[in-house]
Amino acid sequence: MSDTPRHRFEALVSALHAALLPGEQFTLGFSAEQSQFVRFNHAKVRQAGTVAQASAQLRLVREGRQAQQQVTLSDDAQLDRQRLDDALQQLRQTLPLLALDPYLSLNESAWHTHSQQQHPLPELDEVLALVEGEAGDLDLVGIYAAGPICRGFASSFGAFGWHQANSFNFDWSLFHANGQAVKANYAGQAWNAVDFTARLRQAREQLGFLGLAAITLKPGSYRAYLAPAAMDEIAGMLCWGGFSAQALATGNSALQRLYNGDATLSPQVSFAEQVSGSLSPAFSDEGSPRLDVSLIDHGQAHERLISARSAAEFALQSNGADRYESPCALSLAAGNLPNAEILERLGTGLYISNLWYLNYSDLPAARMTGLTRFATFWVENGQIQGPVSTMRFDDSLYNLLGSELEALTQEREMILSTSTYGQRSTGSSHLPGALVKGLTLTL
Amino acid sequence: MFDSGALLRQRFNALRSKAEVFSLRHVKQSHQALCVRRNVAEPPSFSQDEGAMLTVRVDGVEAYAATADLSQAGLQRALEQAEALARQIARHSLLDLRGQAVTSARHDHLSPNLDQAVPGIADCLGLLASESASVPRDSRLVDWLASLDISLVEQTYLNSAGAELRHAHRFLFPGLSVTASDGKDSQSRSLGLSNFGQQGGFEVIHRCGLIGAAPRIADQALQLLLAPNTPSGPRDLLLMPDQMMLQIHESIGHPLEMDRILGDERNYAGTSFVKASDFGHLRYGSDLLNVTFDPTLEQELASYSYDDDGTPASKQFLIRDGLLVRPLGGALSQLRSGLGGVANSRACGWNRAPIDRMANLNLEPGDRTLQQLIEGIEHGILMSNNRSWSIDDARNKFQFGCEWGQVIEDGELKGIVKNPNYRGISAQFWRNLMAVGDHSTFEVLGTPNCGKGEPNQVVRVGHASPACVFRQIDVFGGDA
């Protein structure tokens with residue numbers, strides 16, 4: 001890059017300030033990454049490349065009207081200023097065509113926040129050598145994604161936020177010859193070859209259980225332990241509008257009955273949006289500092305995620321949520337079940353490492369369906385008997401985290417999002433495992 | 001169109017590389033998203049995106065570098081990055097591509113009616129506002145929106161063998177949705193959105209049926225709120241095209257993707273219950289099942305002349321008279337597998353590399369009118385418009401839900417039912433196909449939201465289908 005990303009962003013902000021006409025306000029978001037992507041299949045490199053991308057999201061506001069435009073930035077400072085100016089002109093032409101926006105709400109405070117870490121990332125040669133040395137004889141498939149990520153925000157009111165971090169995310173599966181697989185992940189900001197090797201070896205050890213004869217279950221209700229990665233899929237469903245102020249106000253939230261007071265979850269369940277301490281930027285794409293928000297407290301609905309727009313529309317107080325009102329750092333409070341006692345407490349039932357492809361079968365009832373995937377085992381008297389063939393569940397959240405919830409684990413896992421749609425995600429979740437008395441399998 | 005074409009060609013010609021083959025894929029996209037929700041226009045959103053992917057092949061090993069810096073120096077830098085990476089991974093590479101042919105074709109492809117301008121923002125917002133305002137006043141109608149997304153995409157593929165393949169597409173995605181709620185239950189009814197999109201001009205909005213549809217959609221949402229739940233048990237199932245597209249997508253399209261069968265996607269999108277040895281042998285469905293990869297329906301979302309690796313696209317049967325004959329595999333997968341394939345190597349943009357994707361995947365029409373399909377059912381249910389989808393990683397055990405259900409008894413449509421769901425197993429489901437609708441029931445649909453790949457990619461795919469009837473499927477409703 002010709003300059004640091006922060007300097008590029010600051011230069012664009014300065015140019016915008018200079019170009020602004022009386023009566024105009026702007027917000028400017030910034031997103032950039034330089035990514036190394038390496039796909040593996042059969043422990044070999046299937047596809048490798050680098051991606052350097054940056055974009056700016058300009059919102060122009062004037063006389064109660066607003067419109068926004070995103071432009072890709074080219075790394076040429078002059079060209080980028082021109083692109084931003086073109087966007088400004090287009091937005092200026094658009095605003096007079098619009099009606100007054102009754103829900104326009106701007107954060108006019110001049111807040112400042114800055115976060116930057118530059119832990120060194122591993123050389124690709126080191127990663128490739130570790131994979132070859134530790135898993136060269138295994139059927140490893142997955143992706144290594146690494147590099148710096150930047151997010152910025154500025155407004156004509158003087159707000160300025162900057163977030164920059166080096167990070168990596170190696171997400172892989174090891175396949176047994178019988179088609180069963182175990183999934184593992186090593187992600188974070190500080191790479192440690194010893195830790196990575198330990199994760200690889202741990203996954204290799206788990207492969208041993210997958211060689212046992214597969215067990216096919218009949219539909220019915222089963223005791224089950226849902227590991228944190230499986231819980232992450234369930235939590236992910238709740239992020240589809242579950243806590244959204246707009247969705248809750250318009251009948252589109254799966255947690256409608258909870259927030260209406262018509263249903264409760266187990267007193268063990270406390271969800272929060274826990275931005276502080278997470279890897280996410282401390283500000284939203286709307287231009288507000290993100291706040292930690294208690295969402296469900298001991299089974300009772302508490303706060304909801306409220307964007308500036310929803311606050312205006314539904315007469316609420318914004319709490320820093322972005323426009324989609326989806327958690328970026330969902331946290332579920334720990335319980336009292338030690339990891340070491342999971343199999344013993346489960347006794348006889350299912351140990352589910354991962355779930356897959358969840359969706360709602362009845363959204364207002366918070367009833368969801370999905371499938372077991374990767375290492376799922378049948379356990380009898382606390383002993384693993386063998387892997388379970390893929391099974392579908394269809395059950396309500398009010399059962400799984402309500403009447404049927406027996407315990408949550410003491411230990412939680414910080415799960416960093418592997419999503420790379422459009423750009424590498426900075427989202428995460430912090431979750432325990434859950435022991436449930438009954439999980440309904442249907443197919 | 002292609003206003004930067006000459007400069008791009010000039011810069012490409014000036015690139016220097018020791019690679020045996022290299023290519024540049026330049027993508028320029030503009031997007032406009034308009035929405036009126038509950039009679040208030042959401043802030044219009046626009047985007048402009050432009051960049052290029054440089055791909056090299058060095059001693060049979062390929063690597064890429066994607067950049068938005070399109071200057072001569074920027075492109076040269078990306079090319080050298082890709083070349084260095086290809087050498088770096090050579091010892092670890094899964095594939096040796098020295099035997100893979102390289103295209104030298106030159107061709108331009110344009111969406112239909114691309115030269116005809118679509119109405120401006122004010123007119124589009126006026127149309128959406130009018131539709132929104134025609135939703136009746138009823139306290140149970142708690143949410144509604146009318147939307148229109150328009151994307152213009154120009155892509156130029158150049159390679160060192162002399163190829164120059166240019167595509168210019170315009171995509172329109174109209175949509176309408178209404179939610180009714182009584183405080184405990186909610187039911188939504190929609191038109192378009194992620195279930196409809198086509199290439200073309202403003203005629204797409206007419207073909208979608210958006211204009212004037214809001215009162216009917218709102219009334220249907222209210223009807224659903226009052227309707228009983230879908231009964232449980234085996235019934236003959238009549239799926240309308242707006243659900244058939246999802247059924248085709250999930251339980252034919254994804255399982256036939258060759259990169260899944262070759263294992264590339266096992267860590268994310270999944271594998272397939274179909275094996276390479278099944279092609280030419282597996283009876284996938286009843287004799288009535290004919291499925292094609294068809295890039296020739298010009299308005300369908302993924303109609304194109306060449307895929308993103310430069311393979312010419314043509315209509316091919318994947319399943320003929322129920323027999324599985326051909327996978328969804330691009331040139332690379334064909335080389336790896338030794339099987340035939342199609343031109344389906346596609347990328348979502350300049351910053352992602354092509355992989356095997358669905359494109360237009362269609363079910364060929366049969367010979368029954370909708371009335372004949374209904375009359376042929378003694379104890380069944382009609383389902384329309386997908387709202388929920390879930391299928392295992394081998395694309396076998398599925399459960400799908402629709403917005404709209406209607407009981408069929410003794411050859412007649414009866415009452416409306418809510419929360420219509422059904423489940424089955426792909427490997428068995430298509431063998432229960434008992435009747436296929438004719439051209440009068442055939443609809444060209446598509447979705448902008450097919451996700452797959454590591455790193456992740458979302459592409460537009462087209463699905464055209466008639467209404468179809470399946471024998472004795474396990475159906476059920478919701479809890480509410």
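The following exercises, with worked solutions, concern a predicted model of two chains, A and B.

**Exercise 1. Overall form of each chain**

Task: Determine how many helices and strands chain B has, and judge its radius of gyration against the globule rule.

Solution.
Step 1. Chain B contains 10 helices and 24 strands.
Step 2. Its radius of gyration is 24 Å, and the globule rule gives 23 Å for 480 residues; the two values are close, so chain B is as compact as a globular protein of that length.
Step 3. Along the principal axes, the C-alpha atoms of chain B occupy a box of roughly 70 × 55 × 35 Å.

Task: Repeat the analysis for chain A.

Solution.
Step 1. In chain A the secondary structure amounts to 10 helices and 18 strands.
Step 2. The radius of gyration of chain A is 24 Å, close to the 22 Å from the globule rule for 443 residues, so chain A is as compact as a globular protein of that length.
Step 3. Its C-alpha atoms fill a box of roughly 75 × 55 × 30 Å, again taken along the principal axes.

**Exercise 2. Burial and contact range**

Task: State what percentage of each chain is buried, and what part of its contacts spans at least 24 positions.

Solution.
Step 1. A residue counts as buried if 20 or more other C-beta atoms lie within 10 Å of its own. By this criterion, 59% of the 480 residues of chain B are buried, and 53% of the 443 residues of chain A are buried.
Step 2. Considering contacts between residues at least 6 apart in sequence, 75% of those in chain B join residues at least 24 apart. For chain A, the corresponding value is 70%.

**Exercise 3. The nonpolar core**

Task: Identify the residues with the most contacts inside the largest nonpolar core, and the strand that gives the most to it.

Solution.
Step 1. The largest nonpolar core has 262 residues, and B:Leu54, B:Ala82, B:Leu237 and B:Leu238 have the most contacts inside it.
Step 2. The strand that contributes most to this core is β5 (residues 139–155) of chain A, with 10 residues.
Step 3. Leaving aside residues up to four places away in sequence, B:Leu238 touches several residues, including B:Leu373, B:Ile374, B:Ile377 and B:Val469.

**Exercise 4. Strand β3 of chain A and the contact between the chains**

Task: Trace the pairing of β3(A), first within chain A and then across to chain B.

Solution.
Step 1. Strand β2 (residues 44–62) of chain A pairs with β3(A) in the antiparallel sense over 8 bridges. A:Arg62 has A:Arg65 as its bridge partner in β3(A).
Step 2. The hairpin of these strands, β2(A) and β3(A), has 2 residues between them, and A:Glu63 takes a positive phi near 50 degrees there.
Step 3. Of the 8 residues of β3(A), 7 are buried, so the strand is largely enclosed by the rest of the structure.
Step 4. Strand β3 (residues 65–72) of chain A runs parallel to β3(B), joined by 4 bridges. In β3(B), B:Ser45 is the bridge partner of A:Gln68, and B:Phe46 stands opposite A:Gln69.

Task: Describe the composition of the contact on the side of chain B.

Solution.
Step 1. The contact involves 65 residues from chain B and 77 residues from chain A.
Step 2. On the side of chain B, the largest share, 7 residues, comes from strand β3 (residues 45–58).
Step 3. The residues on this side of chain B comprise 24 nonpolar, 27 polar and 14 charged.

Notes:
Residues numbered from 1 in each chain as written. Chains lettered and ligands numbered in written order. Predicted model: local features only at pLDDT ≥ 70, side-chain atom pairs only at ≥ 80, totals over all residues. Contact = placed C-beta atoms within 7 Å. Nonpolar A, V, L, I, M, F, W, Y, C, P; charged D, E, K, R; others polar. Pairing = 2+ DSSP bridges. Rg over C-alpha atoms; globule rule 2.2 N^0.38 Å. Buried ≥ 20, exposed ≤ 12 C-beta atoms within 10 Å, placed from the backbone. Core = buried A, V, L, I, M, F, W, Y, C linked by C-beta atoms within 7 Å.
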